[in-house]
Amino acid sequence: MIRLLRTAGNGWYINEFRADHNHALTEKCGEKVYWPSHKHIDIYTRDVIKQLHENNASIGKVYNIIGSFFGSMTNVPFSKRAH
């Protein structure tokens, strides 16, 4: 695990590093695994998120677009961090 924090100058630095893991590591980079945080995102919303990411939309912009589908940001059934 690596914990990254921002500096005052909008840079990043490693605040904490742990070599051990509390889960099994993925064998290959391309291996398809559904992580627990993705369980609440339905397949159609996940596809929209994937398409927006492939078209270089930022995470904040993607979350705002998904929020508009649900009527408001408070109605989105998953967190910004989940995707």
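How much accessible surface does the protein chain have, and what percentage of it belongs to carbon and sulfur atoms? In this predicted model, the accessible surface comes to about 6900 Å². Carbon and sulfur atoms hold 55% of that surface. The protein chain has 83 residues, and 17% of them are buried.

The secondary structure consists of two helices and two strands. Along the sequence, these elements follow the pattern β-β-α-α. Strand 1 spans residues 2-6 and strand 2 spans residues 12-17. Helix 1 covers residues 43-54, and helix 2 covers residues 59-69. Among contacts with a separation of 6 or more, 20% join residues 24 or more positions apart.

The strands carry a nonpolar surface patch. I2, L4, W12, I14 and F17 make up this patch, which has an area of about 580 Å². Strand 1 and strand 2 each supply at least two of its residues. The largest share, three residues, comes from strand 2. L4 is located in strand 1. With a relative accessible area of 45%, L4 is partly exposed; the range for that class runs from 20% to 50%.

Charged side chains also connect the strands. Two salt bridges were found in a search of the whole structure. In one, R3 pairs with E16, and the closest N and O atoms lie 3.4 Å apart. R3 belongs to strand 1 and E16 to strand 2, so this salt bridge ties together parts separated by 13 residues in sequence. E16 also forms a salt bridge with R18, where the closest N and O atoms are 2.7 Å apart. R3, E16 and R18 are thus linked in a network of salt bridges. Both arginines are partly exposed: R3 has a relative accessibility of 41%, and R18 has one of 43%.

Helix 1 contains 12 residues. From its first C-alpha to its last, helix 1 reaches 16 Å, close to the 16 Å expected at 1.5 Å a residue. The buried residues of helix 1 are T45, I49 and L52. They cover an arc of only 65° around the axis, so they sit on the same side of helix 1. An α-helix has 3.6 residues a turn, so residues three or four places apart point the same way. The face of helix 1 turned away from the buried side bears the exposed residues I43, Y44 and E54. Helix 2 is included in what covers the buried residues of helix 1.

Helix 2 has the buried residues V62, Y63, I66 and G67. Viewed down the axis of helix 2, these residues fall within an arc of 140°, and they therefore line one face of the helix. Their cover includes helix 1. The covering is thus found in both directions, with helix 1 over buried residues of helix 2 and helix 2 over buried residues of helix 1.

I65 is another residue of helix 2. At a relative accessible area of 27%, I65 is partly exposed, as the cut-off for a buried residue is under 20%. I65 and V48 are 17 residues apart along the chain, and their C-alpha atoms are separated by 9.6 Å. After helix 2 comes G71, which has a positive phi, near 95°.

Technical notes. Residues numbered from 1 in each chain as written. Predicted model: local features only at pLDDT ≥ 70, side-chain atom pairs only at ≥ 80, totals over all residues. Heavy atoms only, no water. Patch = residues over 30% accessible without salt bridge, like charges linked within 9 Å, V, L, I, M, F, W, Y side chains within 5 Å. Areas by Shrake-Rupley, 256 points an atom, 1.4 Å probe, with all protein chains shown as cover. Salt bridge = Lys/Arg side-chain N within 4 Å of Asp/Glu carboxyl O. Helix = DSSP H or I, 4+ residues; strand = E, 2+ residues; numbered from the N terminus. Buried < 20%, exposed > 50% of the residue type's maximum accessible area, 1.4 Å probe, protein only. Contact = heavy atoms within 4.5 Å. Arc of directions from axis to C-beta. Expected span 1.5 Å × (residues − 1).
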